[in-house]
Amino acid sequence: MRVKELVEKLRKETYQIDGSIIDNHNIIRVRFLAKEQKEFESNTLYVGGADLYPTLAPVHADASIALLFNPAHPNAWNHTCEGNLIFVIGEKSIFEVFNQIQDILQDSSRLLDGSASLLECIIRGKEVREVIETGYDILNNPIMLMDTSYKVLSYKTDTTVEDEVWADLVTRGYSSYKYVTKFKYERIIEKVLRNEDPVILDTGVAEKIRRIIGKIQVNDKCMGYLAVLEYKQPFQGNDVKIAKLICEVISSIMKEDKWQKNARGLMWENLIQDLLEGRVTEESELSDRLKSCEWVPDHSLSMVSVDMSRFNDPSFIDYFRVQIHRLAPQFRSIYYNDAVSIIIEAGKTDADKNNISSLISFLKDNGLYAGCSNQFSDLLEISRYHKQSRKALFFGRLMEPGKRMAAYQNYILHDFIYDASFHLKLKDICHEGVLKLHEYDQLNGTDYHQTLSVYLKMNKNVIAASEALFIHRNTVNYRLEKVKEIFDINLKESEETMHMFMTFKVMEVMDIMTSIEKNRTI
């Protein structure tokens with residue numbers, strides 16, 4: 001610490017300072033001044049009483065002397081000094097002054113050491129959690145990082161903190177609606193955002209335990225908040241500066257793509273991610289967080305997953321999400337596992353239908369593909385319906401590659417059969433007649449297999465089957481008669497026709513598995 005900076009800190013301690021500062025050198029230690037002392041160490045501040053002034057030997061340029069005078073002592077002095085001669089005028093004892101100077105120097109050293117430790121976090125590419133742990137080691141007080149939805153990202157303490165707000169955050173993993181309203185009422189975040197440096201709070205929720213609150217900012221956007229509680233030890237002079245350094249280090253980490261994609265700072269976005277990952281399981285917790293982000297979901301929802309795996313540019317993903325919001329402001333999207341997952345209102349109104357049609361058109365215009373889940377109303381079940389949307393995307397891309405949005409309801413049987421394939425041989429459950437029919441077509445170039453499949457799919461309606469196949473209904477009847485004649489298949493027995501229908505689905509899944517295996521070997 002430089003001499004002038006030290007003097008200013010002493011002035012803030014209500015001392016009157018006078019004297020002569022010739023060289024603003026660095027002070028790294030403090031010593032008591034001995035009577036008639038003649039040798040002085042460099043970068044050292046010597047502290048003594050006024051009684052030593054008459055015996056003071058000449059001081060060289062890179063040492064400093066601080067002498068304590070009481071207010072009654074005359075302010076005139078006469079001494080030749082090449083170094084710094086500082087007169088501290090006050091009522092305190094020499095020992096109190098010495099200890100205060102030592103505390104100031106230690107706090108300065110702590111800031112330098114802390115800065116070095118935090119810089120090392122950046123150099124070594126450490127995670128946010130490790131930065132929080134480093135911050136705790138420096139500040140020696142409980143420390144917590146939250147995102148803008150008051151969800152706890154990381155915290156560190158080695159003791160039980162008797163504070164209701166802290167306990168609420170640690171227990172729940174997020175702030176309950178009760179405290180969110182308190183934060184808003186006390187304008188805590190408003191104060192934090194208004195200041196460049198972290199602020200010290202000592203009223204309201206911080207009345208019993210003071211807090212340092214700082215903001216995590218990335219590209220002029222607030223991404224979260226850092227909180228330090230004055231619990232284990234009183235705040236020290238440089239704690240606000242250290243807290244600001246921690247905020248800046250975390251901000252630099254959050255500039256990475258993985259944070260840009262998933263930590264947008266939107267309350268509902270973080271809620272969706274927590275729901276998808278099973279971190280929100282209670283109705284009361286969901287209700288609290290819905291209130292916090294002022295979101296009232298519709299009772300008829302669907303989950304849509306848009307494949308973004310071929311896009312490495314985050315800017316395109318951001319563009320896509322902005323466009324989705326413009327198409328339908330009530331759509332909620334999140335970038336998750338190489339896909340943009342969208343919660344859409346799937347009601348039966350014309351507006352809802354138009355929104356979905358616009359989304360499909362947008363997918364087509366941008367060469368994108370999506371899968372859509374069945375409808376649901378309970379957000380606690382969102383993970384299940386998210387899986388449905390991903391499965392619809394999977395089956396749709398393989399079975400209907402020209403379709404921009406595949407619906408899970410069209411692939412429920414395929415999904416069931418695909419899962420069953422990991423536990424049994426699919427061919428063992430197939431209808432023998434259908435398998436032989438498929439082999440016969442391959443050998444003879446006939447279309448009996450397709451005709452029977454479409455006929456069963458159209459609920460054994462000859463006219464509907466002929467229209468789907470673009471052939472005359474008499475041709476359909478002829479082919480069906482040949483199927484019954486050659487393969488001894490009974491089309492009037494419901495259980496047998498159900499077995500045949502299931503076999504066609506099994507064979508479609510077997511084709512999918514063959515296609516997947518081929519792609520793996522390429």
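**Exercise 1. How many cavities of 30 Å³ or more does the count come to?**

First, the ground rules. This is a predicted model: local features need pLDDT of at least 70, side-chain atom pairs count only at pLDDT 80 or more, and totals for chains, interfaces and linings use all residues. Residues are numbered from 1 along each chain as its sequence is written, and side-chain values use heavy atoms, with hydrogens and water left out.

Solution.
- Step 1. Fix the terms. On a 1 Å grid over the protein atoms alone, a cavity is a set of points where a 1.4 Å probe fits but cannot get out; a pocket is an open set with protein on both sides within 12 Å along at least five of seven lines; lining residues have an atom within 4 Å of a point. Points are joined across faces, edges and corners, and a volume is the space filled by probe spheres set on them.
- Step 2. Count. The rule gives 5 cavities of 30 Å³ or more.
- Step 3. Take the largest cavity. Its volume is about 200 Å³. It is lined by 17 residues, and Met146, Phe183, Arg211, Ile213 and Ala227 are the closest to its centre.
- Step 4. Assign elements. Helices (H or I, at least four residues) and strands (E, at least two) are DSSP runs, numbered from the N terminus. Two or more lining residues come from each of β6 (143-147), α4 (164-172), α6 (188-194), β9 (211-218) and β10 (221-229).

**Exercise 2. Find which element gives the largest share of the lining of the largest pocket.**

Solution.
- Step 1. Size the pocket. The volume of the largest pocket is about 420 Å³.
- Step 2. List the lining. It has 17 residues; Met399, His449, Ser453, Phe504 and Glu508 lie nearest the centre.
- Step 3. Sort by element. Both α16 (448-457) and α19 (494-521) supply at least two residues. The largest share, 6 residues, belongs to α19.

**Exercise 3. Describe the salt bridge of Lys391 and the burial of its partner.**

Solution.
- Step 1. State the rule. A salt bridge is a side-chain nitrogen of Lys or Arg within 4 Å of a carboxyl oxygen of Asp or Glu. The count comes to 21 salt bridges.
- Step 2. Find the partner. Lys391 pairs with Asp415, with the closest N and O atoms 3.2 Å apart. The pair links distant parts of the chain: Lys391 sits in helix α13 (residues 382-399) and Asp415 in helix α14 (residues 412-420), 24 residues apart.
- Step 3. Classify both ends. Buried means under 20% relative accessible area, exposed over 50%, partly exposed in between (1.4 Å probe, protein chains only). Lys391 is partly exposed at 29%. Asp415 is buried at 6%.

**Exercise 4. Classify the two ends of the Arg187 and Glu190 salt bridge.**

Solution.
- Step 1. Check the distance. The N to O separation of Arg187 and Glu190 is 3.9 Å.
- Step 2. Check accessibility. Arg187 has 51% and is exposed. Glu190 has 40% and is partly exposed.

**Exercise 5. Place Gly396 and list its contacts.**

Solution.
- Step 1. Locate the residue. Gly396 lies in helix α13 and is buried, with a relative accessible area of 4%.
- Step 2. List the contacts. Contact means heavy atoms within 4.5 Å. Leaving out residues up to four places away in sequence, Gly396 touches Pro401, Ala406 and Tyr411.
- Step 3. Add one distance. Gly396 and Ala370 are 26 residues apart in sequence, and their C-alpha atoms are 8.3 Å apart.
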